[in-house]
Amino acid sequence: MFKYGSPVKGIDFIDRTKHIPIFKSYLDNNQHVMIKAPRRFGKTSLVKHIFEYQEAYEFIYIDIKRATNLTVLSNQILDKAYGFVGVDNFIRQAKNSIIALARTIRTIKLESIGELTLELMQNDFDELEFFLHSLDTVDKIAKKKDINIKFILDEFQDIINLGNDDILDKLRSVIQHHENITYLFLGSIESIMTKIFQTKTSPFFHFAAIMELDGLDIDELMDYVEQTFDRENIKYDKNSVRNILSFTKGHPDYSIKLLSYLYLRTGRTNEFIDEDLCLIAIGEVVLATRPYLDELIAKTKLKKNLFEVLSATANKTPMNLPSSTLYNANVALEEMGLIKNKSRGEYEIVDIFLEVLLRQDNDENLALRDVVNLDYKK
Ligand SMILES: Nc1ncnc2c1ncn2[C@@H]1O[C@H](COP(=O)(O)OP(=O)(O)OP(=O)(O)O)[C@@H](O)[C@H]1O
Ligand SMILES: [Mg+2]
């Protein structure tokens with residue numbers, strides 16, 4: 001119930017009734033898909049819900065952000081791939097006893113691909129070649145088992161940090177031949193995902209169907225709130241609750257945190273949830289999110305002008321910088337996932353709480369009520 005802190009699935013998973021049928025029809029047709037949405041918009045929850053909870057498909061899930069290099073990534077992929085044919089801990093086994101593993105591989109009749117993996121591992125392999133081999137292995141195993149494996153690459157944009165400039169070219173040229181894999185690319189830095197999948201000169205142009213995840217649907221969120229609050233006898237003013245959800249634009253992480261705050265607090269105090277309490281909830285949740293927001297801000301302070309431009313964007317104040325300097329700062333902030341281009345030369349802050357914080361810090365007299373009211377009424 002209003003669970004946060006890690007991706008959600010099953011009974012904690014709300015809404016997405018518009019996205020799920022589209023997503024599933026792509027999957028059923030083995031259509032590669034790219035999903036882009038800002039940080040904490042529920043990308044991982046969506047795939048965990050479909051793959052782990054509904055168990056509708058055979059899949060491999062890899063989080064690229066967690067891999068420190070291509071070899072680590074390839075090892076994870078190989079472990080999962082060989083798991084499909086009953087060989088567990090392939091990499092550990094290979095390190096312990098190549099001979100025993102070679103024997104196992106013979107029994108499952110995967111000789112050519114299995115032997116190639118072993119051969120690559122014993123020699124001084126090229127990282128990229130080994131990575132591409134790991135993907136080929138998944139396809140071969142899927143073919144052998146006559147299944148289609150959905151291959152989820154979470155935080156895909158981070159792949160460019162793991163290889164040279166040609167990694168995307170090489171990757172595309174290998175995976176386009178995979179007939180038994182449907183690739184799902186998830187990414188939170190929208191500008192980089194757009195560059196990879198929607199720029200004509202990119203090797204991934206037109207490779208995947210594009211899905212954008214926006215906030216949770218406010219009506220569906222409200223249905224869930226009503227059910228839960230009514231069941232628990234929590235008294236609330238519907239409009240006030242709806243207003244704060246509109247203010248977050250259904251941002252999944254923030255909406256759930258606000259609802260959780262209200263739920264837990266009133267469960268304890270029996271207070272009536274009115275506009276004031278909703279504003280307190282926003283203040284408290286912004287405060288609780290502060291370490292994360294401060295980290296975002298700290299990153300902008302490492303480079304000249306970025307923080308000033310970010311702050312000016314939040315406060316809608318003009319910046320006195322040469323246009324090329326301003327342009328570069330905007331591109332850098334966009335690539336950090338902090339701002340988004342609204343129209344030509346006009347940017348907005350992606351994270352609504354970061355915007356609240358930047359506006360308040362800049363104007364001590366600006367009450368939270370003003371910030372919130374200004375926004376949900378606009
Ligand atoms: N469909 C949903 N129903 C209920 N809560 C959700 C839903 N989607 C996301 N959330 C909430 O938002 C939080 C963040 O979701 P999740 O980790 O899936 O996002 P993400 O886009 O993968 O984020 P990141 O970019 O940080 O990896 C979850 O912990 C959960 O509280
Ligand atoms: Mg995620």
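A salt bridge is taken here as a side-chain nitrogen of Lys or Arg within 4 Å of a carboxyl oxygen of Asp or Glu. In this predicted model, Asp253 and Arg40 satisfy that criterion, with their closest N and O atoms 3.1 Å apart. The protein chain is assigned two domains, domain 1 (10-212) and domain 2 (218-376), and this briefing concerns the interface between them.

**Domain arrangement**
- A distance of 34 Å separates the C-alpha centres of domain 1 and domain 2.
- Domain 1 contributes 16 residues to the contact, and domain 2 likewise contributes 16 residues.

**Buried area**
- About 1,300 Å² is buried between domain 1 and domain 2.
- Carbon and sulfur atoms account for 56% of that buried area.
- On the side of domain 1, Ile14, Arg40 and Phe41 provide 45% of the area buried against domain 2, more than any other three residues.

**Polar and charged interactions**
- Two salt bridges are found across the interface of domain 1 and domain 2.
- Arg40, one of the three leading contributors to the area that domain 1 buries, is also the salt-bridge partner of Asp253.
- Five residue pairs, both members at pLDDT 80 or more, are in polar contact between domain 1 and domain 2.
- The side of domain 1 that touches domain 2 comprises six nonpolar, three polar and seven charged residues.

**Model confidence**
- The mean pLDDT of the protein chain is 92, and 97% of the residues score at least 70.
- Confidence is highest in strand 3 (residues 149-154), at a mean of 98.
- Confidence is lowest in helix 18 (residues 368-376), where the mean is 68.

Definitions and conventions
Residues are numbered from 1 along each chain as its sequence is written. Chains are lettered from A and ligands numbered from 1 in the order in which they are written. Side-chain values use heavy atoms; hydrogens and water are left out. Domain bounds come from an automatic or database domain assignment. Contact means heavy atoms within 4.5 Å. Buried area is the accessible area (1.4 Å probe) that two parts lose on being put together, summed over both. A polar contact is a pair of N or O atoms within 3.5 Å; within protein, one must be able to donate a hydrogen and the other to accept it, and residues adjacent in sequence count only if both atoms are side-chain atoms. Ala, Val, Leu, Ile, Met, Phe, Trp, Tyr, Cys and Pro count as nonpolar, Asp, Glu, Lys and Arg as charged, and the others, Gly among them, as polar. pLDDT is the predictor's confidence in each residue, from 0 to 100. Helices (H or I, at least four residues) and strands (E, at least two) are DSSP runs, numbered from the N terminus.
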